[in-house]
Amino acid sequence: MRIKRNILFIAIPALLVFAVIGFLLQSGNAVETPGAPPPPVAVDSTKCIAQTEYMRSNHMKVLNEWRHSSVREGNRVYTAHNGSRFQKSLNTCLGCHSNKLFCFNCHMYANVKPKCWNCHLSPMETP
Amino acid sequence: MSSVAHGDTVMNKERRDFIRKAGLGVLAGICATSGFLPAFSLEETILPAWDEKPVPGKIRWGMVIDTRKCLGECNECVARCHHVHNVPDFGNRKDEVKWIWKSGYGNVFPTSTSQFRSSEVLQRSYLALCNHCAEAPCTRACPTEATFKRWDGIVSMDYHRCIGCRFCMAACPYGSRSFNWRDPREGIKEASVDYPTREQGVVEKCNFCSDRLTKGMLPACVESCPEKALVFGDLNDPNSDVRALLESNSTMQRKPELGTKPSVFYII
C-alpha cells in the first residue's frame, strides 16, 4: 500500500510534466499543418545562394531580380553571402535542387500556379 | 637515440607536408565546387568570362553575309537555328514562326537602288534575319519594353513581359518578327534542352544567339554554315573579322534609307 502511494506520488507529477512538454511541442509545431510537404533539405549549405528561410519566402523575388539584371543589364554573376559565385539562371537552382518534385510539392500544396514551365523546360520534362 | 630523433623530424616534416598538401587539396575542392555545379541534364551552367556589368555601347555585334558563297538549296543554318532555339514548324504559312529564312532578291532588298543587276544575282536566294538595328523601330513601338536594345547592340526580347500586342511586328520593316498564334510546343519535333520555348501569345525573333554568346560560342547559323558564308563579330572593333570584310568588300544593308542602321551586311 505504502509502495503504491509512493509510485503515485512520482507518477502523477511525471505525467503532468510529460503532458506540459507534449503540449508545448505541439503548439510549437502548430505552423506545420498536417498534409504539408516536408520542407526541402539543402544538399550542401556551402552551395546555397541564401538562407533557406529567406529563400522559402522570397525565391520568386530572387528569380525576378536575377532575370532583370541578367537579361537587361548583362550582369550574369551572382555573388552569395559567403563569396561563392553563381550564374543567374533557373538551371543554377534546378542543378542543385535536383529533386524533380522540388518546385511542385510546395506549389501544389499552396495552390500556386507559376507560369515558368509554359516556356522553360520543367524538371519533370527533362531526362 | 639521435637517429630516432632524426627519423622523427623527417616523419614530422613529411607529415607536415602531407597535411599542408591535403589542406590545399581540400581548399581547391571547396573553391571548385562552391562556384560550379554538379553535372546536370539541362544546359551547362558555366560562369561567363566577365564579372560585373558590361559597359553599354562598347560592343556592337554584327554579321556579314557573303551571298556569293551562300548558293544552292542549302538550308543548314535555318535548320540548326530553328532546332537550337525550339522554333516551331506547323507546316503552314499562317502560323509560321521564323528566326532566319531564305528569300528572293526582290523580297530582301525591295528598295535597292542598283538597277540592271545580273540575272544570277537576282535569282539567288538571300538569308534574312533580324538586323539588330542600331536605331531599332520595334523597341520604340513596344509598350511594355519587352523588346529592347541591349548593351552590346543586340535587340533582345524579354518574353516574360511580352503582352502580344504585335506593335513591334508592325514597326519592323524587315518582317523579322513572328507571332505565336498557337502553343509552339505542338510544333516542335525534336526539342532542344539548351533553350526554353515560347508560349502562345508572344512575339519572337532572332536573338543573335545571345544565349550562346554568354557561353563563348558563335551563333548557331554561323557555326553551321558549310561554306563559311556568315561571319560574326564586333562592329565597334576595327580589328574584327566583320570589319575586315567591310573594309575589303562593297556591302549592302536592307532598306538603309529608313535610317534603322542594320547590323547585318550583305556582300552581293
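A disulfide is a pair of cysteine sulfur atoms within 2.5 Å. That cut-off applies to the second view below; every view shows a predicted model.

**View 1. Overall make-up of chain B.**
The secondary structure of chain B consists of nine helices and ten strands. Of its 268 residues, 43% count as buried. Contacts that reach far along the sequence are frequent in chain B: where the two residues are at least 6 apart, 67% of contacts join residues at least 24 apart. The area exposed by chain B is about 14400 Å², of which carbon and sulfur atoms supply 55%.

**View 2. Cysteines of chain B without a disulfide.**
Across all chains, a search of the whole structure finds zero disulfides. For C168(B), the closest cysteine sulfur belongs to C162(B) and lies 6.2 Å away, so the two are too far apart for a bond. C168(B) is buried, with a relative accessibility of 7%. C206(B) likewise takes part in no disulfide, its nearest cysteine sulfur being that of C130(B), 5.4 Å away. C206(B) is also buried, at 8% relative accessibility.

**View 3. The largest nonpolar core and a second core.**
The largest nonpolar core contains 50 residues, and those with the most contacts inside it are M63(B), I65(B), I100(B), L127(B), L129(B), F208(B) and L230(B). Strand 3 of chain B, residues 125-129, gives the most to this core, contributing four residues. Leaving aside residues up to four places away in sequence, L230(B) touches M63(B), V64(B), I65(B), C77(B), L127(B), C221(B), V222(B) and C225(B). A second core, separate from the largest, has seven residues, including A50(A), M55(A), V62(A) and W66(A).

**View 4. The kinked helix 2 of chain A.**
Helix 2 of chain A spans residues 52-73 and has 22 residues. Its end C-alpha atoms are only 27 Å apart, whereas a straight helix would reach 32 Å at 1.5 Å a residue. The helix has a kink of about 80°, centred on N58(A). Just after helix 2, G74(A) adopts a positive phi of about 75°.

**View 5. The packing of helix 2 of chain A.**
The buried residues of this helix are M55(A), N58(A), V62(A), W66(A), S69(A), S70(A) and R72(A). An α-helix has 3.6 residues a turn, so residues three or four places apart point the same way. Within chain A, the buried residues of helix 2 pack against strand 1 (77-79), strand 2 (85-87) and helix 3 (90-96). They also pack against strand 4 (147-149) of chain B.

Definitions and conventions
Residues numbered from 1 in each chain as written. Chains lettered and ligands numbered in written order. Predicted model: local features only at pLDDT ≥ 70, side-chain atom pairs only at ≥ 80, totals over all residues. Heavy atoms only, no water. Helix = DSSP H or I, 4+ residues; strand = E, 2+ residues; numbered from the N terminus. Buried < 20%, exposed > 50% of the residue type's maximum accessible area, 1.4 Å probe, protein only. Contact = heavy atoms within 4.5 Å. Areas by Shrake-Rupley, 256 points an atom, 1.4 Å probe, with all protein chains shown as cover. Core = buried A, V, L, I, M, F, W, Y, C linked by side-chain atoms within 4.5 Å. Expected span 1.5 Å × (residues − 1). Bend = angle between axes of the 7 residues up to and from the residue.
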